[in-house]
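Biologist: Could you take me through this model feature by feature, giving the general idea of how to read each one and then the case at hand?
Modeller: Gladly; let us look at it together.

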Amino acid sequence: MAQSGFEGFEKRLELNFFGDDPMNIGIGLRQLSFESVQEILDAVQCTVVSAMGNQYFDAYVLSESSLFVYPTKIIIKTCGTTQLLKSIPPLLSHAHDIGLNVCGCRYTRGNFIFPKAQPFPHTSFKEEVMYLEESLPNSLCYRKASVMPSNKTTHSWHVYSASTDEQHQMVHHMSNVFTMEVCMTELDRVLARKFYQHSGNGISGDISGREMTLATGINGIIPSALICDFSFDPCGYSMNGVNGVHYSTIHVTPEDGYSYASFELMGFTDDSDDIDRILKKVVQIFRPATMSVSTTCASHDMSMHVKNAIEQTGLIHRSCTINEFPAVGSIVFQTFTTRRK
Ligand SMILES: C[S@+](CC[C@H](N)C(=O)[O-])C[C@H]1O[C@@H](n2cnc3c(N)ncnc32)[C@H](O)[C@@H]1O
């Protein structure tokens, strides 16, 4: 294991808002100017490298992962040594200026490969929780922080959630929406090489990103999705998939010694056959030695589909932890490894 390298494991923040005038939200957060978005990202220390949108939301590829902006929801996912939680104060302030107030927060992450390289407030989960508690208004009175373990101390899932009373009631009406966060380490070396640019060809990150999408089969994971992709120099890859109201996103750190890839999907639980097929395709593209899947949903029915699909790829199910979070629902954290691990 390298002593230090690029931290692939992302921090993910999801904030939900409500309007002063709920019947008149319109495009809500999507009306934030590009300057306001950049100011929020400055606090995190990352920038926009590519963007696309549809009638439902805007999707940005960042220098360190992704940002999704819906009228009343924002999801920021950043890796490396970014200071994700520092986005909260400017974000709440800009949202307030357009008549929106926060009503729900969910922060999740895995275990950093290089924890000592993380800056404040990401130096420890305790520090992160303290920062979250101080940054969120008192109206978010249902709060919970938990570290969900696996069979290995090196793999656990950190979760913080907070919500208002109203948001707490609302989650039950959204019972068929889920998010799935997949983290993969020790990628197959031959497959990881596909995320290196061909040296000295001088082509842009957009064009070589597209080439990687096609060469690896990433475009076949969700064939109906519109893809915004980008490759970094000399290596590294990010993409956002836009499919109606749903997004998917993939980020790859292919360097040997600390290789990492993530896949995330927001979708409807009714499409469980599709989810089986998607997960198998993801495993086939990266062939990781270790994989964790965290599903967030009003119920925990999804977890069985996840387990069955991944076991069919030859990976072995090692652990499953379930926890309930107010206004979020059930989070199921499962880990898998190859036989040799
Ligand atoms: C931003 S991407 C994907 C991040 C994602 N969280 C992951 O690790 O899967 C990170 C990869 O791009 C490479 N990279 C090259 N230039 C970069 C830059 N300017 N900013 C961020 N990453 C860069 C890193 O070395 C790493 O391999």
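**Reading the model**

Modeller: A record is a convenient place to begin: the unreviewed UniProt entry places the feature "active site" at S65, C79, S238 and H251. These positions span 187 residues in sequence, yet no two of their C-alpha atoms are more than 11.4 Å apart, so they gather at one spot. Please keep in mind throughout that this is a predicted model.

Biologist: In which strands do S65 and S238 lie?
Modeller: S65 belongs to strand β4, which covers residues 65-69, whereas S238 is placed in strand β11, residues 237-243. S65 also deserves a look at its backbone, for its phi is positive, at about 90°, although this residue is not a glycine.

Biologist: How many residues surround the ligand, and which are the closest?
Modeller: The ligand is surrounded by 20 residues, of which G8, C79, G236, H251 and T253 are the closest. Two of these names, C79 and H251, also appear among the positions that UniProt marks as "active site". As for secondary structure, strands β12 (246-253) and β13 (260-268) each supply at least two residues of the shell, and by class the shell divides into 8 nonpolar, 9 polar and 3 charged residues.

Biologist: Turning to the sheets, what is the strand order in the one that contains β4?
Modeller: A sheet is read across its strands, from one edge to the other. Here the order is β2-β3-β4-β5-β1-β6-β8-β7, an open sheet of 8 strands with antiparallel pairing. At its edges stand β2 (48-53) and β7 (142-148), each with a single partner strand, so one side of each is left without a neighbour in the sheet. Neighbouring strands of this sheet are turned by 15° against each other on average, with direction ignored.

Biologist: How many bridges join β1 to β6, and which residue of β6 is the bridge partner of L15?
Modeller: Strand β1 (residues 11-19) and strand β6 (residues 100-109) run antiparallel and are joined by 9 bridges, with C105 of β6 serving as the bridge partner of L15. Two helices pack on this sheet: α2 touches β1, β5 (73-78) and β6, its direction making about 155° with that of β6, while α3 (residues 125-135) touches β6, β7 and β8 (157-163), its direction making about 10° with that of β8.

Biologist: And how should I read the packing of one helix against another, for instance α1 and α2?
Modeller: Two packed helices are described by the angle between their axes and the distance between those axes. In this model the axes of α1 (residues 34-44) and α2 (residues 88-97) come within 8 Å and cross at roughly 160°, and α1 and α2 are therefore roughly antiparallel to each other. From α1 the contact draws on S36, E39, I40 and A43, and from α2 on P90, L91 and H94; by class, these are 4 nonpolar, 2 polar and 1 charged residues.

Biologist: What is the strand order in the sheet that contains β11, and which strands are at its edges?
Modeller: This open sheet of 8 strands, again with antiparallel pairing, has the order β10-β11-β12-β13-β9-β14-β16-β15. The edge strands are β10 (226-231) and β15 (316-325), each of which pairs on one side only, and the twist from one strand to the next averages 10°. The antiparallel strands β15 and β16 (residues 329-337) are joined by 9 bridges, and T335 in β16 is the bridge partner of S319. Helix α8 (residues 302-311) packs on the sheet, touching β9 (177-185), β14 (290-297), β15 and β16, and its direction makes about 160° with that of β14.

Biologist: Finally, where are the prolines P121 and P234, and what is the omega of the peptide bond leading to each?
Modeller: P121 is in the loop between β6 and α3, and the peptide bond from F120 to P121 is cis, with omega near 5°. P234 is in the loop between β10 and β11, and the bond from D233 to P234 is likewise cis, with omega near 5°.

Notes:
Residues numbered from 1 in each chain as written. Predicted model: local features only at pLDDT ≥ 70, side-chain atom pairs only at ≥ 80, totals over all residues. Pairing = 2+ DSSP bridges. Helix = DSSP H or I, 4+ residues; strand = E, 2+ residues; numbered from the N terminus. Axes fitted to C-alpha atoms, helices over the stretch in contact; angles between N-to-C directions. Contact = placed C-beta atoms within 7 Å. Parallel < 35°, antiparallel > 145°, perpendicular 65-115°, else oblique. Nonpolar A, V, L, I, M, F, W, Y, C, P; charged D, E, K, R; others polar. Near = placed C-beta within 6 Å. UniProt positions renumbered as here; feature names shortened; annotations may be inferred.
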